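Student: Could you take me through the aromatic side chains of this model, with a close look at how individual rings sit against one another?

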Amino acid sequence: MSEKVSFGSKISLIAATVGSAVGLGNVWRFPNEVQENGGAAFLVVYIGCILLLGIPVMLAEFSLGRGTGLDTVGAFKRLTPSKPWWGIGVISLLASYMITCFYMVVAAWTMHYLWGSIDGSLYAGVGEGITASDMKDVFATQFSDFVGSAWSPMLWIVIVLAVNMFILLKGVKSGIERMSNALMPLLFVILLVLCGVALSLPNADEGVEFFLRPDFSKLNAGVFISALGQAFFSLSLGMGILITYSSYFPKKDNLTTTAVSVSFCDFLVALLMGFIIFPAVRSFGIGGDGSELQSAALVFVTLPQVFAQMPLTQVWSALFFLLLVIAALTSTVSISEVSILFFQEKMRFSRKKATLLVILPLLIFSPLCSLSQGVLSDMTLFGKNLFDFLDSTTTNYMLPIAALLTCIYVGWVVPKGFFRNEVTNNGKVAVRFFPIVRVLVRYLAPIMILSVFAYQLMS
């Protein structure tokens, strides 16, 4: 196999890693969490969770990837070859591929809605004089019919897989790096444009006031758990993505500044989405009880209602769904790369063979996930259809377990001095902060992750 490649610059490195972290969870999960958990009070707790959990665990994963230069399984085998700690990497590998199966479907939905925004078909059933209630029914029916269709999503799933395959076959520098360098600046430009538009709407200040006004009376254990979960999943912890991408980091990279930069950019995306969504929905009297801000309903039902009532409907709708396509694409590419690097390192496959081995089976698995939302909905696993089963199993169980064990491994098991040398670049940077990072990884992060895991088990 050829010499290990690496990202060409610090900007490329951060763009690619931010792209792997920024996903649809920043869009449809974050607003609902803010709505239900005290507005800015949730933001304060969320920032604390990023500092106390997100950055330390990210550093732990970065150290494994950059320190070994291997995949999410090989990194553990290299450091402790005679012990079964490589099982942590297997959990992350399996979880990442399971996520890929249904995330390709969600990416296909966003691409379909982008096209519907461009050609106007998304708003064909919305004419002048239609009531707000009828408009909501129109978009809800459109989404339900599309998702439940046996064939309509299939074309878009194939297109999404083809785009992913094209980028991944190009490799790290010509594929992932070039994609990230082009799409991540575009994502932030679109965010700023939509933010400006939303803040200029009538009564937008009401949405801003709600978003930034803390209601500390709502703070309880559940809010802390929710903020922890949001930080955990929005930063892609436990998926193997951060170990995989950091294996492409140059040895001279400062892992601490990278972790802080990635966490800040990920939080900034969520913050800007808040300044887009809350002013927009409040300007048109939507979102009063929070039901319109939940999950896919926000993206595919509520926001089209907002765009339909704005001038230049198709322009703003197309920009928004282009934003989602970018977020989804950078995520699907990064999740797929976890398995591709594993096959390259473990099986000594060529880049082409590994990519085909990862993507081609998705031509079966992703359509099955899509069909499980409609014609195959009666076929269930533990009471859930295939899509929801993969989603809940990875999110609620596999990722917390992988992240917890990674903290234990890096905090207590890795060879003495390994973690310190990686975080400090052999004593050259961030030396004074390392003892704090080590305490967080060894003690606080595992306790916080166990809290999330216990909460998921009880809920």
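**Aromatic rings and their neighbours**

Tutor: In this predicted model, Arg 442 is placed over the face of Trp 412, 4.3 Å from the centre of the ring. A second charge of this kind is that of Lys 77, which lies over the face of Trp 86 at 5.2 Å from the ring centre.

Turning to rings that pair with other rings, the count comes to 32 aromatic pairs, taking centres within 6.5 Å as the rule. One of them joins Trp 109 and Phe 143, whose ring centres are 5.5 Å apart and whose planes stand at 90 degrees, so this pair is edge-to-face, given that planes over 60 degrees apart count as such. The pair links distant parts of the chain, since Trp 109 belongs to helix α5 (residues 86-119) and Phe 143 to helix α6 (residues 132-148), with their positions 34 residues apart. Trp 109 and Phe 143 are both buried.

The pair of Phe 382 and Phe 389 is stacked, because the ring centres are 6.0 Å apart and the planes meet at 15 degrees, where the cut-off for stacking is under 30 degrees. Phe 382 counts as exposed because its relative accessibility is 79%, whereas Phe 389, at 17%, counts as buried.

Finally, Trp 109 and Phe 143 also belong to one aromatic cluster, which is formed by these two together with Phe 102, Tyr 113, Phe 300, Phe 307, Phe 320, Phe 321 and Phe 387.

Terms used:
Residues numbered from 1 in each chain as written. Predicted model: local features only at pLDDT ≥ 70, side-chain atom pairs only at ≥ 80, totals over all residues. Heavy atoms only, no water. Helix = DSSP H or I, 4+ residues; strand = E, 2+ residues; numbered from the N terminus. Buried < 20%, exposed > 50% of the residue type's maximum accessible area, 1.4 Å probe, protein only. Lys NZ or Arg CZ within 6 Å of the ring centre and 35° of its normal.
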